Amino acid sequence: SPAAASPAASPANAAGALSPAAVKERVGHLKTLIEELKVKIDGVEPEIEKACEVENFDLAEELETQRKDLAQQLTDFGKELEVLQKDMPSEEAIEQPEADAKPEEKEEADAADET
């Protein structure tokens with residue numbers, strides 16, 4: 001519908017025109033998924049080693065395939081997270097106040113020099 005392409009949707013928002021709240025929620029969800037995947041990968045790697053030690057190469061291969069799939073998901077989620085975080089100006093705005101405070105201090109110092 002033409003209503004979907006409302007001018008209110010920011011063209012800079014590459015996150016599929018998600019609302020800032022939806023983006024924030026997705027970012028939080030991705031961070032959780034990424035942590036879970038890292039834990040799973042860390043759990044699979046010693047299993048692969050054990051399977052190799054007992055020469056159960058079929059199992060080792062199966063686990064390695066599983067590890068590769070998890071690593072691929074990790075990469076995909078990482079890329080999506082990166083894209084979403086670029087589209088979150090609100091986060092940057094929260095982190096900026098310190099940087100904004102410095103120029104004011106400098107101006108005050110300059111004013112003090114003039115007197």
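## A starting point: Asp 69

Asp 69 is found in helix α2. The model you are looking at is a predicted one, and this residue is a handy place to begin. Is Asp 69 buried, exposed or something in between? Its relative accessible area is 48%, so Asp 69 counts as partly exposed, since exposed takes over 50%.

Asp 69 also gives a feel for how two parts of the chain sit beside each other. Ile 41 is 28 residues away from Asp 69 in sequence, while their C-alpha atoms are 9.6 Å apart in space. Ile 41 itself is one of the buried residues of helix α1.

## The overall layout

Step back, and the protein chain has four helices and zero strands. Reading from the N terminus, you go α-α-α-α.

Of the 115 residues in the chain, 16% are buried. The chain exposes about 8,800 Å², and 55% of that comes from carbon and sulfur atoms. As for who touches whom, take the contacts with a separation of 6 or more: 72% of them link residues 24 or more positions apart.

## Helix α1 and its partner

Helix α1 covers residues 20-53, which makes 34 residues. From its first C-alpha to its last it reaches 50 Å, close to the 50 Å expected at 1.5 Å a residue.

Which residues of α1 are buried? They are Val 23, Val 27, Leu 30, Ile 34, Leu 37, Ile 41, Val 44, Ile 48 and Ala 51. There is a general reason to look at that spacing: an α-helix has 3.6 residues a turn, so residues three or four places apart point the same way. In this model, the buried residues of α1 pack against α2, which spans residues 57-86.

## The link between α1 and α2

Glu 55 lies in the loop between α1 and α2, just after α1. Its phi is near 55°, a positive value in a residue other than glycine. Glu 55 is exposed, with a relative accessible area of 60%.

## How far to trust it

The average pLDDT of the chain is 77, and 62% of the residues score at least 70. Among the elements, α2 has the highest mean pLDDT, at 96, and helix α3 (residues 89-95) has the lowest, at 50. Over residues 91-101 the pLDDT is below 50, and this stretch has two contacts in the model beyond near neighbours in sequence.

Residues 1-15 also stay under 50, with seven contacts beyond four places in sequence. Where pLDDT is low, the predicted coordinates should not be read in detail.

Conventions. Residues are numbered from 1 along each chain as its sequence is written. This is a predicted model: local features need pLDDT of at least 70, side-chain atom pairs count only at pLDDT 80 or more; totals for chains, interfaces and linings use all residues. Side-chain values use heavy atoms; hydrogens and water are left out. Helices (H or I, at least four residues) and strands (E, at least two) are DSSP runs, numbered from the N terminus. Buried means under 20% relative accessible area, exposed over 50%, partly exposed in between (1.4 Å probe, protein chains only). Contact means heavy atoms within 4.5 Å. Accessible areas come from the Shrake-Rupley method with a 1.4 Å probe; for residues, only the protein chains shown count as cover. The expected span of a helix is 1.5 Å times one less than its number of residues. pLDDT is the predictor's confidence in each residue, from 0 to 100.
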